[in-house]
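I sat down with this model today and kept short notes as I went. Here is what I looked up, in the order I looked.

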Amino acid sequence: MADAVVWLRNNQEKFKMEVFEPPMICCTVPDKRFTNAVEACFTADHLKILVTQCEEDYNALNGYLNDDNEAGLRRGARINIWFRPKEQHIAPPPMNEAELKQLGFDDYAINKIECPDGLLWFLQREVNLHRTAIGLDGSKVNVNAAMEAVSREGGGAKFVAGTVMNQVSRSRYGKRGTTNMTRDIRQARNLVSSTIDPEIKKKLDQTIQEARQALEVINGEANNLAAEERDIRAQEAQFKEKFDALDGRKKAVNDAKRHLATLAAKIENNKNKLKDLENAPSVDEERAKLKKKLLDFSKKRIKIAKEYTQLIRAAIADQVEATRSGLEFLQVSANKNALEALCQEKDEKYQRALAEFEEADGLFVAAKADAKNKRDISVQLVRSMDRDFQDQFSKMEIDGSVHDRSVEQLRTDLDVQRANLDMITQTNPGVVEQYERRKNEIEALTNTLEDREKATRRLEREIKNARDRWQPALEKLVASIGKKFSAAFDRIGCAGEIRISPHDDYDKWAIDILVKFRDKEKLQLLTGQRQSGGERSLTTILYLMSLTEEARTPFSLVDEINQGMDQRAERAVHNSLVEVTCKPDSAQYFLITPKLLPDLNYHERMKVLCVNNGEWLPDTQGLGNMMRMIDTFVQVRDRSSRAA
């Protein structure tokens, strides 16, 4: 601000009308008793604002100080500048002089301040000093009557009673009652010192004017010197043109000299060639020499042609031999392939014969071993018989009758002997029947058990195949949600994890949510008893937000999810909710809540719907309209920013 004031003092001539310095510099309160009260009517911005008297000066000063920064202020500085046209209506003082004295006030603040005449419009229009009554003795001021007096026109005003500032306003609804906001007046810091002495300021202005006149004289002399410099530079340009012309002529002469030297060298060269031609032999001698050269060249060509012919014939013979060798190679290769095919065929026959032999040899060895085994059994059985049977068998072996009967005859004799044995032996016929029945039952149960085992294995395979189809996708989905869930908890300084809880009974599969809200504890399963209500609400909304990016629902709705959370968690949840749900591909998301924290993050894709409900709503149509109140607030804010 100091740099801007210094620049303004040095550049007042740039403006159509006088531009006033900040009120803290150009205003004073002669009666020091009123200094604290008068300064209390100003805001900090009012005391440090530059005031212009026309729109042209307002735009120009903005350009110099803020837009183009021609004044050379520090980077990022913004200077408040004010202008309002005087055609605008301002409210009159709320009380006449008699009422003012009757209520215990001394005077209006506008009458206790000295300032330039052009600054009075700012003090009335923006600061409302003409409507601010001051009573130095607060005990003499009838505050209630003063409240009614300053607000009877339907608006409001300020008044000072002793060391207390009163801000009075009247409600526009219901009984239109008045309200009064009070604050203590602080000790003045800006208007306590006297303004600049006009005589000293006049002398300084005169000194500045004389200096400016001297500067104009110096500028005139500088302009004359600049004109002389331009003349000298013009003469220099003429001399330079002449010098360039002479230099061009010099270069042309040098080029001509070099060309003449080149021509002289060519003439000398041509003279030497002419002299050589004059001293050359006659045409007949030259023709004889040329004929001799042609004859020598022809003999050399004939010799070369003969050598080339011999080489071609040798190459043809070599090519014939190479062709014969190639054909022989092809024949040998064909014979080799045929022989290999024949050998392979013979080898296959040999392998088949060998396999048949091995199979027959195996059957022979098995039959031989079986025969030997049976022979050993027969010998053992014969030896176990009585002596008469052994003598009879020996006799049959000697005379060869033991080999007269075939295997079938022997089996028939065996069956006869078994039948005889059955008739001799006294047994219970029910034992065999019971044995057969039990045997059949065992076989039936065995078959049933095998069928059920096969069905069980088949069902297990089908269950495994089905599980292999959906379990990887489920694990991938839960891992994706768990990654977002853990990242959300990391952003708020906690820890969280999501796991699948498998079970043999598929109806008992579950998702386990593990959380940690304190540094010293471990991850714990989220339950209704272990965590508090706010912690469960925080976990629930973070889990729902993690599901949002994976879900395909058209919209989601949560109701009062932020209740029970502390401010840190609620702010973190709100910011995460805005980040997740305001993406271009996100579905619609509704959050219903009775309250929100101040200074939260909002997105241009968000829409805030305020529901007004209660017995104190106005009956008049359109009164208390929220959008109208917002529009009014935006307009006031824009006017304030333009004034600043």
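**Entry 1: the antiparallel sheet**

I began with strand β9, residues 510-516, which pairs with β10 in the antiparallel sense over 2 bridges. A reminder to myself before going further: this is a predicted model. Looking across that pairing, I found Leu 514 opposite Leu 525 in β10. I then asked which strands make up this sheet and in what order. It is an open sheet of 3 strands, running β8-β9-β10, with antiparallel pairing. Its edges are β8 (495-501) and β10 (524-525), each of which pairs on one side only.

**Entry 2: the mixed sheet**

Next I traced another open sheet, where 5 strands follow the order β3-β4-β5-β6-β7 and the pairing is mixed. The edge strands here are β3 (107-108) and β7 (178-184), with a partner on one side only. I noted for context that strands of a sheet pair through backbone hydrogen bonds, either parallel or antiparallel. How many bridges join β6 and β7? I noted 7, in the antiparallel sense, with β6 covering residues 164-170. Within this pair, Gln 167 stands opposite Met 181 in β7.

**Entry 3: a patch on a helix**

I turned to the surface and picked out a nonpolar patch of about 380 Å², made by Tyr 308, Ile 312, Ile 316 and Val 320. I placed Ile 312 in helix α10, which spans residues 283-384. Is Ile 312 buried, partly exposed or exposed? Its relative accessibility is 35%, so Ile 312 counts as partly exposed.

**Entry 4: the second largest pocket**

Then I went looking for empty space. The second largest pocket has a volume of about 920 Å³. It is lined by 24 residues, and those closest to its centre are Tyr 589, Phe 590, Leu 591, Lys 607 and Val 608. Both α15 (567-581) and β12 (588-592) supply at least two lining residues each. Which element gives the most to this lining? That is β12, with 5 residues.

**Entry 5: the cavities**

Last, I searched the whole structure for cavities of 30 Å³ or more and got 2. The largest cavity holds about 70 Å³ of space. I listed its lining as Ile 561, Asn 562, Met 565, Glu 570, Val 573, His 574, Leu 577, Leu 591, Leu 596 and Leu 600. The largest share of that lining, 4 residues, comes from α15. I also marked Leu 591, since it turns up in the lining of the largest cavity and among the residues closest to the centre of the second largest pocket.

Methods. Residues numbered from 1 in each chain as written. Predicted model: local features only at pLDDT ≥ 70, side-chain atom pairs only at ≥ 80, totals over all residues. Heavy atoms only, no water. Patch = residues over 30% accessible without salt bridge, like charges linked within 9 Å, V, L, I, M, F, W, Y side chains within 5 Å. Areas by Shrake-Rupley, 256 points an atom, 1.4 Å probe, with all protein chains shown as cover. Salt bridge = Lys/Arg side-chain N within 4 Å of Asp/Glu carboxyl O. Buried < 20%, exposed > 50% of the residue type's maximum accessible area, 1.4 Å probe, protein only. Pairing = 2+ DSSP bridges. 1 Å grid on protein atoms, 1.4 Å probe; cavity = no way out; pocket = protein on both sides within 12 Å on 5 of 7 lines; lining within 4 Å. Points joined across faces, edges and corners; volume = space filled by probe spheres on them.
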